[in-house]
Amino acid sequence: YAAGVLTILFQLTLILSGNLSWLNYITIVIAFSCFDDRFLRYFFSIKHPIDVTTSYFRHGIIIAVTLGILFLSIKPARNLISRRQKMNASFEPLHLVNTYGAFGSITRDRYEIIIEGTDEDVITSETKWKEYEFKGKPGDVHRMPVIVSPYHYKLDWQMWFAAMSTYQHHPWIINLVAKLLQGDPDTLSLMKQSPFGKELPKYIRAELYHYRFPTKKDHTSDWWIREWADHYLPPLSLDDPSLQHILDRMGWK
């Protein structure tokens, strides 16, 4: 009972604090297997709860298994608070108790790729760039973070990973830029909005920003504080020979 309640409460906090798709919901479904009719009838209308009679022998087995699992849990529990935590590892030959995580580690700093476009024919230091807004991921600092789970915006998800390294490690983002330059309807449907409406941009680039939540010291009502970190992708146009070469080589043209 305790394990089921704690698991469900923990998963609910994850649902409220992040967009982890359907992972938390299916974990809650599994956690309900910790409860029998005797427990559930306090919360739901169960007319004929199953009356399970237990013998001393069965009680003995349950106690023995419980003590065994508690003993085997010592090493995994110590691992959870260790600075050299092992993820997705087993600590005993029976594989009854181990550690599992969807992510081995989480970065402390949040970097976001901001895709920008312009309809100007020539890029200068005075060029005005307009931002593309995604459906889920952070962009506009005035926009409240959204909860989309259990639905999964895969493009927004992949943009988060792409921000952790250079575009050379995520060449698909070049194809994304090419699709936006072409005004591809399917690609635009993945975005919250295009800053150009039905018109097409002449150039698109990507900038890298560091995002954080504001504190009282920032004296702002914005949802995010962001600072420019680096250039991520140089300005590209459909007339750019290097872009056409990459699209040909990757079979995206």
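**Exercises on two pockets and a buried glutamate**

The second largest pocket is lined by 15 residues, of which Lys-154, Leu-155, Asp-156, Leu-176 and Leu-190 lie nearest its centre. Helix 6 and helix 7 (172-182) are the elements that give two or more residues to this lining, helices being DSSP runs of H or I with at least four residues and strands runs of E with at least two, numbered from the N terminus.

The model is predicted, so that local features need pLDDT of at least 70 and side-chain atom pairs count only at pLDDT 80 or more, while totals for chains, interfaces and linings use all residues. Residues are numbered from 1 along each chain as its sequence is written, and side-chain values use heavy atoms, with hydrogens and water left out.

**Exercise 1.** State the confidence of the model, overall and by element.

*Solution.* Begin with the average pLDDT, the predictor's confidence in each residue from 0 to 100, which is 90 for the protein, with 95% of the residues scoring at least 70. Then turn to the elements, among which helix 3 (residues 37-40) has the lowest mean, 83, and strand 5 (residues 203-212) the highest, 97.

**Exercise 2.** Describe the largest pocket by its volume, its lining and the classes of its residues.

*Solution.* First, the volume is about 1500 Å³. Second, the lining holds 46 residues, and Leu-14, Ser-17, Gly-18, Asn-19 and Leu-20 lie nearest the centre. Two or more lining residues come from each of helix 1 (2-17), helix 2 (23-31), strand 1 (110-118), helix 6 (154-162) and strand 5, and helix 1 gives the largest share, eight residues. Third, the lining divides by class into 24 nonpolar, 12 polar and 10 charged residues.

**Exercise 3.** Give the volume and the class composition of the second largest pocket.

*Solution.* The space in this pocket comes to about 250 Å³. Its lining has six nonpolar, five polar and four charged residues.

**Exercise 4.** Characterise the surroundings of Glu-133, starting from its exposure.

*Solution.* Locate Glu-133 in strand 3 (residues 133-134), where its relative accessible area of 8% makes it buried (under 20%, with a 1.4 Å probe and protein chains only). Next, list its contacts (heavy atoms within 4.5 Å): leaving aside neighbours within four places in sequence, Glu-133 touches Gly-139, Asp-140, Arg-143, Met-191, Lys-192 and Gln-193. Finally, consider distances: the side chains of Glu-133 and Arg-143 are joined by a polar contact of 3.2 Å, and the C-alpha atoms of Glu-133 and Ser-194, which stand 61 residues apart along the chain, are separated by 7.1 Å.

Definitions and conventions
1 Å grid on protein atoms, 1.4 Å probe; cavity = no way out; pocket = protein on both sides within 12 Å on 5 of 7 lines; lining within 4 Å. Points joined across faces, edges and corners; volume = space filled by probe spheres on them. Nonpolar A, V, L, I, M, F, W, Y, C, P; charged D, E, K, R; others polar. Polar contact = N/O pair within 3.5 Å; in protein donor to acceptor, adjacent residues only side chain to side chain.
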